[in-house]
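Welcome! Here is a short briefing to help you find your way around a new structure.

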Amino acid sequence: MVRSLAQWTKTLSFPARISPNKGSKDNINIHQISPTITPTPSSNSLSKNNEINGIMNNNLSNNDVNQIYPDPESEKAIMSSVVYCIHHKEGCKWSDELRKLKGHLNTCKHDAIPCTSKCGAQIPRVLMEDHLKYTCPQRRTRCEFCNKEFSGHALENHVGNCGYEPLYCENKCGVKIARRHLSQHKTSDCSKRLLPCRYCAKEFVCDTLTAHHLKCGRVPVSCPNRCEANVLAREELEAHLKEECTVSVQSCSFKEAGCRFKGPRYNMDKHLEENCQQHLTMMCTMVSKQQHQITSLKSALSRLSLNYSGTLIWKISDFSAKMAEARNKEGMELVSPPFYTSQYGYKLQASLFPNGNGAGENTHISVYIKILPGEYDALLRWPFAHSVSFTLFDQSTCPEKACNIVESFIPDPTWKNFQRPSKEPDSLGFGFPKFVSHEMLKKRHFMKDDTMFIRVKVDPSKIVAV
Ligand SMILES: [Zn+2]
Ligand SMILES: [Zn+2]
Ligand SMILES: [Zn+2]
Ligand SMILES: [Zn+2]
Ligand SMILES: [Zn+2]
Ligand SMILES: [Zn+2]
Ligand SMILES: [Zn+2]
């Protein structure tokens, strides 16, 4: 549609101060457009606006322009003319070059008209086409997923509910599936759905269930011995083979005693019955072997606890009872634990007669040392020549006031008691029949809590202790 320049000039108005044609060039054939042109009356401005809008929306093709302004120079000048917005009268303050008018109308708030589909919205003229096509609730449109036709309004309700819309499974299995199949997928196909193990009933993510079945303790298995037992749970198999399976091969329960019989469980009772005597003999042999072991362990233990220091502190408790016993029983002798003079030295033992012996009988306590057969006698020098001292401790609480009783001797090499002892020594030993008198024993603190301490010290240096 071709518009006459007059129609243009009617609707356009120009600010007086900024006319592009001030001192206009004569060769520009647009002298009608001047700052003095008065705006059209507002009564018909809408229809004129529509017209100019129509021109603008139709992109005012070059042809049109050429028909109006054949001269390109003139066209340029026109488009550079400064104009007011066509809604100037309604209050729009915009004014700029004509070429920017169309851009302005996109945003001019005075350029809105009611939607032509009568949805009730006010839409800027230039956005009407988009509105009718994409956003008008009255438009007819199709769902991109199911391809059904909807009014724009109905589509908004349909979006988010369309059964054909593909969605990712919420279980993160990676599957994309139409909404209408999703719940079916989640309950029966999804690889990430939870499923109970059919043996143990615990729940597992579907794609780990096979791995679980490989180790699930409740999976039924049959006995590898093919016994009469029914199907067992996998976790029960070990106990079954060990304790119940009648076919599994067992060792005789007298295995430790030396019976080598092995056979199926159902044969075991018979074996035990038939071999009673043999089993008993085996047990006896084993018991006596163990007895030997116990004896040698005991002696190893006592060797370990032996005293190798050459000094024995002999604690004699409950002395009054021992004394009373000695008075009624002639020759009653207490013996000390054996001890060695050094790790590979002589083995010695002290003895004490509470009621005396020989010259000290009934008046004194007598003490002796005797040499016992030791482990290393073959390597030692004989006769025994170490000095020996006996000390009875005064147990006074004040050490300065304590006064011990000490007796010592150096062995006489001619005396047979100091020769290498035989396996079965019966010798008395050597010592002091009148070590301490019964009178003296009551004095000081030699006895305390009915206990006395006697030290026996063996010294290879032969120096006699005083
Ligand atoms: Zn405007
Ligand atoms: Zn609409
Ligand atoms: Zn749909
Ligand atoms: Zn899934
Ligand atoms: Zn299971
Ligand atoms: Zn079995
Ligand atoms: Zn047996």
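The points below cover confidence, the nonpolar core and one sheet.

This is a predicted model, and its chain averages a pLDDT of 81. A good place to start looking is the largest nonpolar core, which has 26 residues.

**Confidence**
- A pLDDT of at least 70 is reached by 82% of the residues.
- Residues 1-11 stay under 50, and the model has 20 contacts beyond four places in sequence for them.
- Residues 16-62 also stay under 50, with 54 contacts beyond four places in sequence in the model.
- Where pLDDT is low, the predicted coordinates should not be read in detail.

**The largest nonpolar core**
- Among the residues with the most contacts inside this core are Leu 348, Val 367 and Ile 454.
- The elements giving two or more residues to the core include strand S18 (347-353), strand S20 (387-392) and strand S23 (452-459).
- Strand S19 gives the most, with five residues.
- Leaving aside residues up to four places away in sequence, Ile 454 touches Trp 314, Ile 316, Val 367, Phe 390, Thr 391 and Leu 392.

**A four-stranded sheet**
- Four strands form an open sheet in the order S15-S23-S20-S21, with antiparallel pairing.
- Strand S15 (311-316) and strand S21 (405-409) stand at the edges; each has a single partner strand, so one side of each lacks a neighbour in the sheet.
- From one strand to the next, the twist averages 15 degrees.
- S20 and S23 pair in the antiparallel sense over six bridges.
- Ile 454, in S23, is the bridge partner of Leu 392.

Key:
Residues numbered from 1 in each chain as written. Chains lettered and ligands numbered in written order. Predicted model: local features only at pLDDT ≥ 70, side-chain atom pairs only at ≥ 80, totals over all residues. Core = buried A, V, L, I, M, F, W, Y, C linked by C-beta atoms within 7 Å. Buried ≥ 20, exposed ≤ 12 C-beta atoms within 10 Å, placed from the backbone. Contact = placed C-beta atoms within 7 Å. Pairing = 2+ DSSP bridges. Axes fitted to C-alpha atoms, helices over the stretch in contact; angles between N-to-C directions. pLDDT = per-residue confidence, 0-100.
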